[in-house]
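Trainee: I should like to understand how the descriptive terms for this model are justified. May we take them one at a time?

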Amino acid sequence: LPSSTAVTMAAQRLLTALESLSPTSNDSNSPTNGNALLLLSEWSDDLEKDLLSAASTDTSAEEVEASHAVVNDAASALHHSLLFAAVSSYDFGEEWAVNGDHEMSFKAASLLCDDENNKVNLQLLAALLRATGLFLRWNAQVLQSANVHSSSNPIARFKSKGMLLLYCKLLEVQLPTPTSPDVPRFASICLFRATYGNDSLTVKARTTLVESIDGCEYLMKALMKGDQPASRVFSIVRNVHHLIAAHPTSIGKMDRAVQKITDDELPNNEYAQGLLEVLVATLSWALRSEPTFPGDEYDRRPDLVLEILRSLFAMDAGLSSNSSHNKDTMTRIGIILCELLQYPNSDMRVYQCKLAVVALLLNAPDDYSEYLAVNRGIIPLIDIMAYQLSVVVIERTGSSAEDAAAAVPILLVLRKLAQASSSVLKLVQDEVFPPDAEEAFKEKAESEIMKKQSEGTVRAKNMAPLDAPRGTLRWKLIRLMTWTESNVKRSASELLWTLCDEDSTQFVLRTGFGNAIHFLGMKGCVNLPTGVAI
């Protein structure tokens, strides 16, 4: 854990870099500013590396308090430098002393696009925005253990209404060349870091963004702008996803913003456009643009696809519902999901996207089942189930929560799809109970039934499965029927019950009476002993 000395040293390094900036020049080519940019870049690189290597680091309140003064000085210097870089044509000097940080932030945001004489140094502005985003993240991961609710919190100045508006306006900065420092991307990151969290200061900032400064419209304009790098689009979608999940009323605001932008640009457009349509169009672009998806290790399109899929899932959990969606849009989503499922599993980034598809299918309309069957979407889902069950049964996660997270979604999805479509049911049955093994199984089943051992609605009492060789998919499913995690156990049993055509005798023959008895008791097929919980 970082000590107060480590925190103080990091803050002092930032302060040194900022103090070396020329107070009268916005020129990054000047020797003074050139050295400051180097120091600032090194500080950002080192902090980013530290944050990535320790995703959740805590310090004590005493440690934070001991370093509070220098952290506050660094935050103040960073804030001043950022406003000067954004609006270099305005002299904040004496006015800042009178009005304070929040008023000056709002003043800078108001001047940003209104001052024709303002010449922004993109390199300097991008470096300062990057440092600001990292400073916000540093606060959330490391420093936020004391003074969180205090007005003296050093980070408060970066979450004010004026700063939120400044970040939003910087999303609109036009870059002269594709290689120019990506100011809009870094502004988007600052916006995310300023509104991500559950402490009162951050909740207030998030509410301000959505309700007070048309933040949803700024984000939709940024998302709908064409010809952007995937890394920037990913950052914007991450903001969208967060607002959908944390502030659900933003969905309607983003819908209205999209329709307004569409009406302004395409006044004769006859089709309703909303957030869903924009996300689907962006998803289509990410999958089908060049180079071929998923690209190399530096390509951010897999991250973008994953973020969009999670956003779509969050919309279903929020104020949206499939019944209200345009049928053409739902068809487009189905096409894209089937296309994504066809990619090989060798790239873990793609596989994570497929797991997000599984989560999305939990809320899919029933008619998606037949669509997936016709468009070769079911076999890839069964392959996912086989891999996820191997993770749980063979590799052993060692955690009930991890077991459930790995196995339950795909088990629920395949059961849902199989119940809705006989075509899907047959495909899954043939993969779990291979046709070439069925003749031998039927012979054993007939022999077992002839023993005339029955209980309740069950006409067989074989204690073990008649045909489930170790390592097969059916063996793994049957193993999960007696798993310690209740959701895993129930989900596996329900899927097998569906695959056995909800026939209690076939269910026992396939899985064994010992594995099946508790589930059959829940279904009312057998009487459980008194006192056994259902």
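Trainee: What makes Phe433, Glu438 and Cys500 contacts of arginine 510?

Mentor: Contact means heavy atoms within 4.5 Å. Leaving aside neighbours within four places in sequence, arginine 510 meets that limit with Phe433, Glu438, Phe441, Pro465, Leu466, Ile478 and Cys500. This is a predicted model, in which local features need pLDDT of at least 70 and side-chain atom pairs count only at pLDDT 80 or more, while totals for chains, interfaces and linings use all residues. Residues are numbered from 1 along each chain as its sequence is written, and side-chain values use heavy atoms, with hydrogens and water left out.

Trainee: Why is arginine 510 called buried?

Mentor: Buried means under 20% relative accessible area, exposed over 50%, and partly exposed in between (1.4 Å probe, protein chains only). Arginine 510 has a relative accessible area of 8%, so it is called buried.

Trainee: Why is threonine 505 also described as buried?

Mentor: Its relative accessible area is 4%, and therefore threonine 505 is classed as buried. Threonine 505 is in helix α24 (residues 504–511), and arginine 510 is found in α24 as well. Helices here are DSSP runs (H or I, at least four residues), numbered from the N terminus.

Trainee: What links threonine 505 to the backbone nitrogen of arginine 459?

Mentor: A polar atom of the threonine 505 side chain lies 3.0 Å from that nitrogen. A polar contact is a pair of N or O atoms within 3.5 Å; within protein, one must be able to donate a hydrogen and the other to accept it, and residues adjacent in sequence count only if both atoms are side-chain atoms. Beyond four places in sequence, the contacts of threonine 505 include Ile449, Thr457 and Arg459.

Trainee: How do you know that helix α13 has close to its expected span?

Mentor: The expected span is 1.5 Å times one less than the number of residues. Helix α13 (residues 275–288) has 14 residues, and its reach of 20 Å from first C-alpha to last is close to the expected 20 Å. Of these 14 residues, 11 are buried, among them Leu275, Glu277 and Leu287.

Trainee: What makes a set of residues a nonpolar core?

Mentor: The set consists of buried Ala, Val, Leu, Ile, Met, Phe, Trp, Tyr and Cys residues joined through side-chain atoms within 4.5 Å. The largest such core has 170 residues, and Phe135, Trp138 and Met385 have the most contacts inside it. Helix α6 (residues 122–143) gives the largest share of this core, 14 residues.

Key: Helix = DSSP H or I, 4+ residues; strand = E, 2+ residues; numbered from the N terminus.
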